[in-house]
Amino acid sequence: FGKHMGEISRRWNDRKRMKAPRNIKVFSPWLAKFQGEEQTRKIEVPGQYGGWNKPLPEYHVKISSFDSSILLLKSIRLSKRIIIHADDGKEYKFLVKGGEDLRLDQRVEQLFRIMNDVLGADAACRRRGLALKTYEVIPMTTRVGIIEWVDDAEPLKNFLESTMTQEEIRNAAGKSGEGLGGLYKVWLSKLAKVKLETMDTNDAYKKMFRTASRSAVVKKFQELQSMVPSCLMKRAFVQMSSSPEAFLTLRSHFVKSHACLSICQYILGIGDRHLSNFMISKRTGQMIGIDFGHAFGSATQFLPMPELMPMRLTKQITDVLLPLKENGQLRNAMICTLRALSREPDILLNTADVFVKEPSLDWRQFARKEAEKQKREYKATEDDVWYPKKKIALARKKLNQYNPAYVMREDLRLGHSRSAEYKQLESFLMGEREFNIRARVLEICDSVKEQVACLIDQET
């Protein structure tokens, strides 16, 4: 079964073939002909082994056939969605994804489920309905796997763009049609004094940290931000609502789910939180996190331009929360979530020990990179254990009320301490006493409430 999933993943991974036939037969003739009743050994529908109870395979749902249609997604990995017809009369949808070791995503989802158990046992979190939306991730090999498809959900990027008028789209594109990213690159090229055509974006960013003033960067950011209406998310929820009460319900679901997700992702050091790595449920308004390729601080340590934001809290999100913005329901939900998880650190971190005992390919690569940065020989038996232990120790600090800026500084130091712009990156991360709460708080916060205040300050 895994072999044929890999076959689906490999074929038509050329972007020039995006108009390829949407028929599963083109990708795997074996799956197209598969009939469960003709098989001497039945194949189960994936994702039925949760790990919490003794499995009873005789009661598991079996595969009857595969739907002939297949959906090609315009993503970097060109993933494909397949539909399984099962012997219980239901359809099960899965995303076939290649080119990544999905064991990391699988383990993150397992940790999310443990977090849900902790939150469900806490009276304050249970009363507020704080919980994460999880889904099954089934690795087939170290480079191919399948992911449970979440119905009635779409990427946050599409959710926001769907509400824009033609005039707003033109304004966001700018007079030259370059878009916000293009306009920002033009500004960076002028700042770095290099030609746009030959500019390395990461080098230009690094030069910005070394030379640009705080006021100049803030002014340019606000100028570009003003080109897109800040009410797109609110507008999308209004369009989904049949009444004012329905809007308030959707907004409440969104706020609570995003607050809970932000804290849980922060503890696990999940980065790369761009618009396509969030899904919005179009039925409930709930926020869902996907694609955890960067976890446990790897986006800060290993990306050429380190991520210094612990969560996503942009103007689109805060404007949904008007009039209180982040100071109302969002902050309270974050405090409740972090307080509940901080009371049970061992349950979560003992489970994370699997990263030490069985590191994924990506973690081995990160351990090798760390050895190279320290200019020493990579030793698999030592480095493959040391790297995960270091990351789990940082997660423990987050659960022990450490100031988020101090914790992230350790990841930054591990990956970028030898770079020319390290001092400026560190200064930006730690903040300024005049403007930032995190700069006025010591390494260990006095309370969870203060820790959340530092998190929000660092993000906004």
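Q: How much of the contact network joins residues at least 24 apart in sequence?
A: Among contacts between residues at least 6 apart in sequence, 67% join residues at least 24 apart. Keep in mind that this is a predicted model.

Q: And the overall make-up: how many helices and strands does the chain have?
A: There are 23 helices and nine strands. As for burial, 49% of the 460 residues count as buried. The chain exposes about 23,100 Å², with carbon and sulfur atoms supplying 50% of that area.

Q: Let's try a sheet. What order do the strands S7, S8 and S9 take?
A: Start with who pairs with whom. Here the order is S7-S8-S9, in an open sheet with antiparallel pairing. Strand S7 (153-155) and strand S9 (287-289) are the edges, each pairing on one side only. On average, neighbouring strands are turned by 35° against each other, direction ignored.

Q: How many bridges link S8 and S9?
A: Strand S8 (278-281) pairs with S9 over three bridges, in the antiparallel sense. To find one by eye, go to phenylalanine 278: its bridge partner in S9 is glycine 289.

Q: Which helix lies across S8 and S9?
A: That's helix H12 (residues 244-267), which runs at about 25° to S9.

Q: Now a helix on its own. Which residues of H21 are buried?
A: Look for the face that is covered. In helix H21 (residues 422-430), the buried set is Tyr422, Leu425, Glu426, Leu429 and Met430. These residues sit on the same side of H21 because they cover an arc of only 125° around the axis.

Q: What do the buried residues of H21 pack against?
A: Four helices: H9 (201-211), H20 (404-416), H22 (437-440) and H23 (448-459). Just after H21 comes glycine 431, with a positive phi near 80°.

Q: How many disulfides does a search of the whole structure find?
A: The general idea first: a disulfide is a covalent bond between the sulfur atoms of two cysteines. The search here finds zero.

Q: Why is there no bond between cysteine 260 and cysteine 264?
A: It comes down to distance. The cut-off for a disulfide is 2.5 Å between sulfurs, and the sulfur of cysteine 260 is 4.3 Å from that of cysteine 264, its closest cysteine sulfur, so the two are too far for a bond. Cysteine 336 is in no disulfide either, with the nearest cysteine sulfur, in cysteine 125, 5.3 Å away.

Q: Is cysteine 260 buried or exposed?
A: Buried, because its relative accessibility is 0%. Cysteine 336, at 9% relative accessibility, counts as buried too.

Methods: Residues numbered from 1 in each chain as written. Predicted model: local features only at pLDDT ≥ 70, side-chain atom pairs only at ≥ 80, totals over all residues. Heavy atoms only, no water. Buried < 20%, exposed > 50% of the residue type's maximum accessible area, 1.4 Å probe, protein only. Helix = DSSP H or I, 4+ residues; strand = E, 2+ residues; numbered from the N terminus. Arc of directions from axis to C-beta. Contact = heavy atoms within 4.5 Å. Pairing = 2+ DSSP bridges. Axes fitted to C-alpha atoms, helices over the stretch in contact; angles between N-to-C directions. Areas by Shrake-Rupley, 256 points an atom, 1.4 Å probe, with all protein chains shown as cover.
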